[in-house]
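Reader: I should like to understand the reasoning behind the terms used to describe this protein. Please set each value against its definition.

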Amino acid sequence: MKFKRFEMPLLLIVFSVFLHGCTLNKNIPSTNNCADINLSVNDQNIDNVIVKVNDKCIYHDEINDVFLQQFGQIGISYSDIVENSIDEIVVTSYAEKLGVSVSDSEIENAICEYESINKNIYDKALKVYGETTLKQKIKDRLLFVSTKNKVLEQEIKIDSNIIASFKSQKEFHGKLDQYSDAELMKRMDKEIKDYAFGLWVKEKRKESNIEYLTLYDKYKNDFLVFNDHSMSMSKFDGKEVPLDGDEKKEILNSLPIFEQYDASSVAEILVKPSHKNDYTERAFIEVYFVNRDNNDKNFLVTISDTNETGIDYGLKDSKMSTLCGVDVELSKSENVNMDTKIIIRATFKLNKNTYVMEGNNIEPFEFTKMVSELISKLTDG
């Protein structure tokens with residue numbers, strides 16, 4: 001069977017503030033319980049596919065862009081975005097049956113609305129996706145919202161059983177028991193309808209063919225959190241010695257090709273062994289990258305073949321992120337000095353090495369995307 005590429009819902013990328021009916025709602029029952037859905041695992045890795053839903057595919061590259069750019073910064077995990085993408089496919093698969101469609105004029109009106117509400121966000125989306133793909137994403141999202149509304153009108157009856165189930169949710173701690181059903185519908189009409197819709201989606205997932213491919217396992221636990229501590233760079237007594245020849249080529253080949261960045265230097269950093277005066281012991285290797293269009297945007301990749309780099313970065317009791325299944329310590333500081341507006345850093349251990357990636361004047365999304373590319377290259381290799 002030929003699978004169609006599923007276009008990531010625009011809501012999950014840039015317009016979450018403007019569109020209603022988002023499935024990322026705390027009052028909607030979770031559909032993440034694998035025991036409750038028709039789930040099977042496929043060992044094939046086809047063109048970056050992580051999940052197949054009926055005749056459509058969800059791709060890692062699109063999920064990861066959303067995860068790194070938008071939701072990772074507000075506590076939404078990679079798997080959250082995947083599960084809600086599955087929900088969207090399941091829901092829109094009922095559009096034709098319910099007589100739901102989206103006209104060209106509706107799409108154009110939505111585009112005008114988004115552009116007028118926040119032109120900067122719209123221009124950013126247009127630059128990333130292009131006009132054709134952006135229109136398709138808007139169409140998909142409008143179709144989801146229209147299908148949801150039709151389901152609430154025709155397929156769902158809000159009765160005392162649904163309201164009782166809604167009241168019983170743990171986060172309410174029994175506080176809603178004081179209200180009658182009629183009072184609660186007046187106070188929390190939207191929340192109750194969203195909850196009922198979530199129950200409907202959960203049942204429809206059971207009727208769908210959902211396959212999680214092996215590639216999904218690599219990323220399903222990814223979660224981002226930045227430590228916004230004031231980072232310090234301790235004094236480090238070392239000597240930089242440029243590397244050349246085969247070792248330099250080997251190091252560069254082990255790293256991904258970072259878009260818009262060139263490696264300007266590769267060096268080993270030597271330190272003094274105990275009770276010695278000469279710089280003879282390698283502490284780590286340092287690769288320096290500079291943006292082709294803006295020299296102020298640059299970053300270092302530090303590679304140490306020990307458990308530590310020997311540098312104290314001044315972070316205590318920091319929270320850990322997960323990227324490509326690897327634990328990563330992410331931190332950033334802004335307005336450090338006149339020349340550097342942003343310092344951002346990632347530290348992780350992999351293949352018996354310690355890696356530190358430190359960027360100057362690079363936005364978090366761009367930086368974490370490059371960190372993800374680095375870890376992916378190292379783990380695939």
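**Helix packing and the largest pocket**

Author: In this predicted model, helix α1 (residues 60-69) packs with helix α10 (residues 364-380) at an angle of about 135°, and their axes are 9 Å apart.

Reader: Why is α1 called oblique to α10?

Author: Angles over 145 degrees count as roughly antiparallel, 65 to 115 as roughly perpendicular, and under 35 as roughly parallel, with the rest oblique. The angle of about 135° falls in none of the named ranges, and therefore α1 is oblique to α10. The crossing of α1 past α10 is right-handed.

Reader: How do you know that α1 meets α10, and which residues take part?

Author: Contact requires heavy atoms within 4.5 Å. On that criterion, N64, D65, L68 and Q69 in α1 meet F365, T368, K369 and S372 in α10. Sorted by class, the contact of α1 with α10 comprises two nonpolar, four polar and two charged residues.

Reader: What makes α4 roughly perpendicular to α7?

Author: Helix α4 (119-154) and helix α7 (residues 189-206) pack at an angle of about 95°, with axes 10 Å apart. Because roughly perpendicular covers 65 to 115 degrees, α4 is roughly perpendicular to α7. In this pairing, F144, K148, V151 and L152 of α4 meet K193, D194, F197 and W200 of α7. The contact of α4 with α7 divides into five nonpolar, no polar and three charged residues.

Reader: Why is α2 also described by its angle to α7 as roughly perpendicular?

Author: Helix α2 (residues 78-92) packs with α7 at an angle of about 85°, their axes being 10 Å apart. That value lies within 65 to 115 degrees, so α2 is roughly perpendicular to α7. Here E83, I86, D87, V90 and V91 in α2 meet F197, W200, V201, K204 and R205 in α7. By class, the contact of α2 with α7 has six nonpolar, no polar and four charged residues.

Reader: How do you know which residues line the largest pocket, and which lie nearest its centre?

Author: A lining residue has an atom within 4 Å of a point of the pocket. The largest pocket, with a volume of about 710 Å³, is lined by 22 residues, and Q69, V128, F365, E366 and K369 lie nearest its centre. The elements giving two or more residues to this lining are α1, α4 and α10.

Reader: Which element gives the most to that lining, and how many residues are charged?

Author: Helix α10 gives the most, with six residues. By class, the lining has seven nonpolar, four polar and 11 charged residues.

Key:
Residues are numbered from 1 along each chain as its sequence is written. This is a predicted model: local features need pLDDT of at least 70, side-chain atom pairs count only at pLDDT 80 or more; totals for chains, interfaces and linings use all residues. Side-chain values use heavy atoms; hydrogens and water are left out. Axes are lines fitted to C-alpha atoms, for helices over the stretch in contact, and angles run from 0 to 180 degrees between N-to-C directions. Helices (H or I, at least four residues) and strands (E, at least two) are DSSP runs, numbered from the N terminus. A crossing is left-handed if the near helix is turned anticlockwise from the far one by less than a right angle, and right-handed if clockwise. Ala, Val, Leu, Ile, Met, Phe, Trp, Tyr, Cys and Pro count as nonpolar, Asp, Glu, Lys and Arg as charged, and the others, Gly among them, as polar. On a 1 Å grid over the protein atoms alone, a cavity is a set of points where a 1.4 Å probe fits but cannot get out, and a pocket is an open set with protein on both sides within 12 Å along at least five of seven lines; lining residues have an atom within 4 Å of a point. Grid points are joined across faces, edges and corners, and a volume is the space filled by probe spheres set on the points.
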